[in-house]
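Work through the exercises below with the structure open beside you. Try each task before you read its solution.

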Amino acid sequence: MWDTLIIAPFTNILLFIYQLVGNFGVAIILFTFLIRLLTHPLTQQQMKGSKAMQDLQTDKRYIEMQKKYKNDKDKLAQEQMKLYQELGINPLASCLPTLIQFPIIIGLYQAVIRSLSTTPIELLNLTRLIYPSFLKVSQLIPINPQFLWMDLGQPERLHVPFLSFGIPVLAIVVTVTSYLQSKMMTPPQSGGDDSQAQAAAITNSMTLYMPFLMGYLALTFSSGLALYFVASNVIGIIQYAALGSLNWKNLLPKGTSTRKPEKK
Amino acid sequence: MNFYQTYSWLKTTLRPRSWVLMLFVLLSLGLTACGGGRAVTASSWPGASVNGDRLYVAFDSGIWALNLQDGKQVWRYPAESEKNKFFYASPSIVDGQLVVGDFSNSIYALESATGAENWSVVGASGKGRFIAGALIQDEMIYAPSADYKLSAYDTAGKLQWEFVTEGALWAKPVSDGERIYLPSMDHNLYALDPADGSLVWKLDLGGAAVASPLLDDNGTLFVGQVGDKVLAITAKNGKIAWEFASKSEVWATPVLSDGKLLFGDLSGTIYALDPKTGKEIWTMQAGDAVVGTGAAFTDGVAFPVEDAGVVAVDFAGKELWRTPVNGKLYSGILVSENLLLVPVTKGETLITALDFNGKEQWSFLPEK
């Protein structure tokens with residue numbers, strides 16, 4: 001089921017692009033662009049969801065209920081939910097695109113890995129994924145995994161003559177671009193009550209830890225995945241910039257863009 | 001709980017770090033699923049060979065020497081599994097030594113009687129795993145590896161020469177004593193001088209060759225490729241004598257028996273061709289993909305059929321018998337004086353021995 005619905009179409013599209021451009025690294029970048037294009041409506045939805053949640057925090061009723069039920073968390077949650085329903089806000093709308101990215105990331109990774117088959121069983125499985133009416137196996141196999149200095153089927157390390165170990169360039173680039181992306185895409189936060197502080201804490205944690213986690217994945221998994229991460233981050237930043245939603249001020253020290261809590 | 005209540009519960013229950021951890025675990029699980037991890041993804045099928053009264057099987061973490069008549073283990077190498085030592089190439093015998101390459105670039109020479117290690121060399125670089133067995137010819141070892149190289153060693157493991165192709169080498173070369181014929185994943189078949197590895201000719205097969213060619217007594221090479229084709233090539237000059245379009249990819253070495261060329265493809269079709277003209281004599285449906293090479297015996301040819309067991313066909317294309325085997329059949333079937341030896345992948349046995357009527361005589365599964 002997973003193979004039929006996700007892996008097979010992903011693999012065929014990826015290999016089709018590879019057949020057109022003749023370079024697997026370029027194919028991954030173009031495929032990432034295509035995926036970003038297809039998920040653009042979801043990205044817009046995410047931005048709307050974030051904006052709605054942000055606007056809510058300045059809503060008079062919302063501020064009042066924070067004060068009123070300060071010591072009754074359950075009641076506060078109930079009242080918040082009522083307000084969400086009344087205003088037609090889906091609090092998970094901003095998370096949905098992120099969740100949808102998961103099967104895409106996993107699907108793309110497996111498409112990359114399966115395409116770069118290096119053993120007989122892997123190749124056998126790959127040939128079975130290819131739609132024979134769409135692609136010709138004899139022309140595709142073997143697939144060249146080289147892109148710049150990388151073997152896209154292996155974890156990446158750049159070996160330089162004066163060092164005894166390889167430098168994980170791509171893992172570093174993934175960490176940096178992930179950090180930049182999450183920083184620049186984080187909307188200004190209006191702190192104040194517990195709930196907002198908690199939301200801000202989640203965001204800050206994500207901004208801090210996720211780039212390192214992504215970097216760790218790039219370090220240990222095939223460089224094809226790391227290339228996807230880099231391409232996805234860069235395209236994501238461009239996409240948000242095009243939609244006018246980048247928060248450049250977040251890159252400045254001490255979070256100068258963060259609004260101070262309103263005085264009570 | 002409705003949607004809003006669920007959200008509220010999640011929001012109040014999970015701390016910030018829990019969110020990050022949960023995302024990471026989900027992503028990691030997804031990426032490592034289905035063999036994604038891949039530091040050493042040893043995914044191939046058993047390599048086996050018969051010599052005298054012994055059967056040698058290389059699979060995963062070891063090589064086993066078995067008594068051919070009852071399947072009892074004689075020895076195992078290494079005695080216990082070792083990190084990054086995986087064997088899938090079929091072992092070859094030279095000078096009382098078993099020569100076999102592993103998935104971590106090394107070639108080992110073992111005492112065939114005891115399994116004691118005589119020597120080992122690092123025979124490849126990078127991801128140069130040894131997928132195919134080595135050709136033994138005139139006291140020389142010709143080892144093809146996935147790092148695109150054919151390396152020639154003497155029986156003491158000293159490198160004599162190397163020949164580099166443009167693709168991984170997954171198939172054992174063959175020789176007529178004058179030349180070595182080497183199929184490559186780069187779509188070419190190479191003819192080399194065994195003395196120094198110099199190129200005599202090369203031929204574009206139109207697709208990657210993953211199996212050894214068959215060389216007949218008339219000097220014709222028969223080779224399949226993953227682009228749905230079998231070719232007959234004149235070994236002397238590398239000219240194509242004929243081409244045959246199969247329904248699907250041909251992963252196996254053809255078998256020549258009863259004046260017919262017999263092989264199966266991934267569509268499960270078994271073909272019998274006239275080896276002189278490439279004309280189809282008959283076909284039959286085996287019921288599932290035929291990946292491995294068939295074995296000719298007195299009454300016909302036994303084919304390993306991926307999920308359908310062993311299917312024996314007589315020389316007129318009529319099914320003689322069919323013996324189900326628990327597991328997948330990818331490796332070629334070997335034949336001894338009175339047994340068909342079937343290597344099994346992902347099954348309850350590693351080797352199943354059948355008599356020529358398809359009745360199981362013994363089976364072998366290594367101790368864990």
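The exercises cover model confidence, one domain interface and salt bridges.

**Ground rules.** This is a predicted model: local features need pLDDT of at least 70, side-chain atom pairs count only at pLDDT 80 or more, and totals for chains, interfaces and linings use all residues. Residues are numbered from 1 along each chain as its sequence is written, chains are lettered from A and ligands numbered from 1 in the order in which they are written, and side-chain values use heavy atoms, with hydrogens and water left out.

**Exercise 1. Find where the confidence of chain A is lowest and highest among its helices.**

Solution.
1. Start with the scale: pLDDT is the predictor's confidence in each residue, from 0 to 100.
2. Chain A has a mean pLDDT of 81, and 83% of its residues reach 70 or more.
3. Now go to the helices (DSSP runs of H or I, at least four residues, numbered from the N terminus). Confidence is lowest in helix α10 (residues 194-220) of chain A, with a mean of 75, and highest in α1(A), at 93.
4. Residues 255-264 of chain A have a pLDDT below 50. In the model this stretch still has 15 contacts (heavy atoms within 4.5 Å) beyond near neighbours in sequence.

**Exercise 2. Describe how domain 3 and domain 4 of chain B meet.**

Solution.
1. Locate them: domain 3 of chain B spans 174-245 and domain 4 spans 258-368. These bounds come from an automatic or database domain assignment.
2. Check the distance. The C-alpha centres of the two domains lie 24 Å apart.
3. Count residues: five of domain 3 of chain B touch 10 of domain 4 of chain B.
4. Take the buried area (accessible area, 1.4 Å probe, that two parts lose on being put together, summed over both). Domain 3 and domain 4 of chain B bury about 610 Å², 80% of it on carbon and sulfur atoms.
5. Name the main residues. On the domain 3 side, B:F222, B:W242 and B:F244 lose the most area, together 77% of what that side buries.
6. Look for salt bridges (a side-chain nitrogen of Lys or Arg within 4 Å of a carboxyl oxygen of Asp or Glu). Between these two domains of chain B there are zero.

**Exercise 3. Which residue forms a salt bridge with A:D3?**

Solution.
1. Recall the principle: side chains of opposite charge can pair when their charged atoms come close.
2. The partner is A:R114, with the closest N and O atoms 3.2 Å apart.
3. Place both ends. A:D3 sits in helix α1 (residues 2-21) of chain A, and A:R114 in helix α6 (residues 96-115) of chain A. The two are 111 residues apart, so the pair links distant parts of the chain.
4. Set the total beside it: the whole structure has 15 salt bridges over all chains.
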